[in-house]
Amino acid sequence: MRAIDVRDLVESPGSSKTVRVDEAVEGLHMELAEVPGDQPLSGDLTLQSVVEGVYATGTIRGTMALRCARCLKEFTQPFDVEMHELFPIRPGPEDDYGLGEDLTLDPEQMVRDSVVLSMPFSPLCTPDCLGLCPRCGGDRNLGQCTCTEEVVDPRWAGLEQLFRDP
């Protein structure tokens, strides 16, 4: 994402401006969720001048490509992520973001952090997804599994009694 010049805001405390964001961001992914690198993120950021620096708020929208944690079916889902972050003029070691020395604000890391944190850890294609058969790997959402009953090794048969309800 391109850096935003905020010199006019820093020099005028209390002022604000709205900036349109409409760019793709590479590397937004987790194990079962990602925002494809060619997929642009869009939204409006309102930048407000405060005593400490610039306060950025806004909503970023896009589409995630997800893989169901139960049946591995791929699907897409739109998302809206709210962001509220302070970019201090003189960032300290504990600050996550800060203004550049040339008084520019680079929103990419804020957008990256917000979008990745909003990704579902265990996405489901439907809330009642049945998943895959543990024996044959067939998709149980498509119908009853036709695999045969699992044969228990006779040496372990005695342990099966421990897991039965009384």
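**Exposure, salt bridges and core**

User: Is Arg-7 buried, exposed or partly exposed?

Analyst: The relative accessibility of Arg-7 is 44%. This model is predicted, and the value is computed from it. Buried requires under 20% and exposed requires over 50%, so at 44% Arg-7 counts as partly exposed.

User: With which residue does Arg-7 form a salt bridge?

Analyst: The closest N and O atoms of the pair are 2.6 Å apart, whereas the cut-off for a salt bridge is 4 Å. The partner has a relative accessible area of 32% and is partly exposed. The residue that bridges to Arg-7 is Asp-5.

User: What is the N to O distance in the salt bridge of Lys-17 and Asp-8?

Analyst: Lys-17 is partly exposed at 25% relative accessibility, and Asp-8 is partly exposed at 41%. Their side chains meet in a salt bridge, and the N to O distance is 3.6 Å.

User: How many residues apart are Arg-112 and Glu-108 in helix H2?

Analyst: The side chains of Arg-112 and Glu-108 meet in a salt bridge, at 2.6 Å from N to O. Arg-112 is buried, with a relative accessible area of 19%, while Glu-108 is partly exposed at 22%. Both residues lie in helix H2, about one turn of the helix from each other, and their separation is 4 residues.

User: How many salt bridges does the count come to?

Analyst: The pairs Arg-7 with Asp-5, Lys-17 with Asp-8 and Arg-112 with Glu-108 are among them. The count comes to 7.

User: Which helix supplies at least two residues of the largest nonpolar core?

Analyst: The largest nonpolar core has 33 residues, and those with the most contacts inside it include Leu-105 and Val-115. Strands E2, E4, E5, E6 and E7 each supply at least two residues of this core. The helix that does so spans 108-118 and is H2.

User: Which residues does Val-115 touch, leaving aside those up to four places away in sequence?

Analyst: Val-115 is one of the residues with the most contacts inside the largest nonpolar core. In soluble globular proteins, nonpolar side chains tend to be buried together. Beyond its neighbours up to four places away in sequence, Val-115 touches Leu-28, Val-35, Leu-41, Met-64, Phe-79 and Val-81.

User: How far apart in space are Glu-52 and Leu-86, C-alpha to C-alpha?

Analyst: Glu-52 lies in the loop between E5 and E6 and is partly exposed at 48% relative accessibility. It touches Leu-86, Phe-87, Pro-88 and Ile-89, not counting residues up to four places away in sequence. Glu-52 and Leu-86 are 34 residues apart in sequence, and their C-alpha to C-alpha distance is 8.1 Å.

Key
Residues numbered from 1 in each chain as written. Predicted model: local features only at pLDDT ≥ 70, side-chain atom pairs only at ≥ 80, totals over all residues. Heavy atoms only, no water. Core = buried A, V, L, I, M, F, W, Y, C linked by side-chain atoms within 4.5 Å. Buried < 20%, exposed > 50% of the residue type's maximum accessible area, 1.4 Å probe, protein only. Contact = heavy atoms within 4.5 Å.
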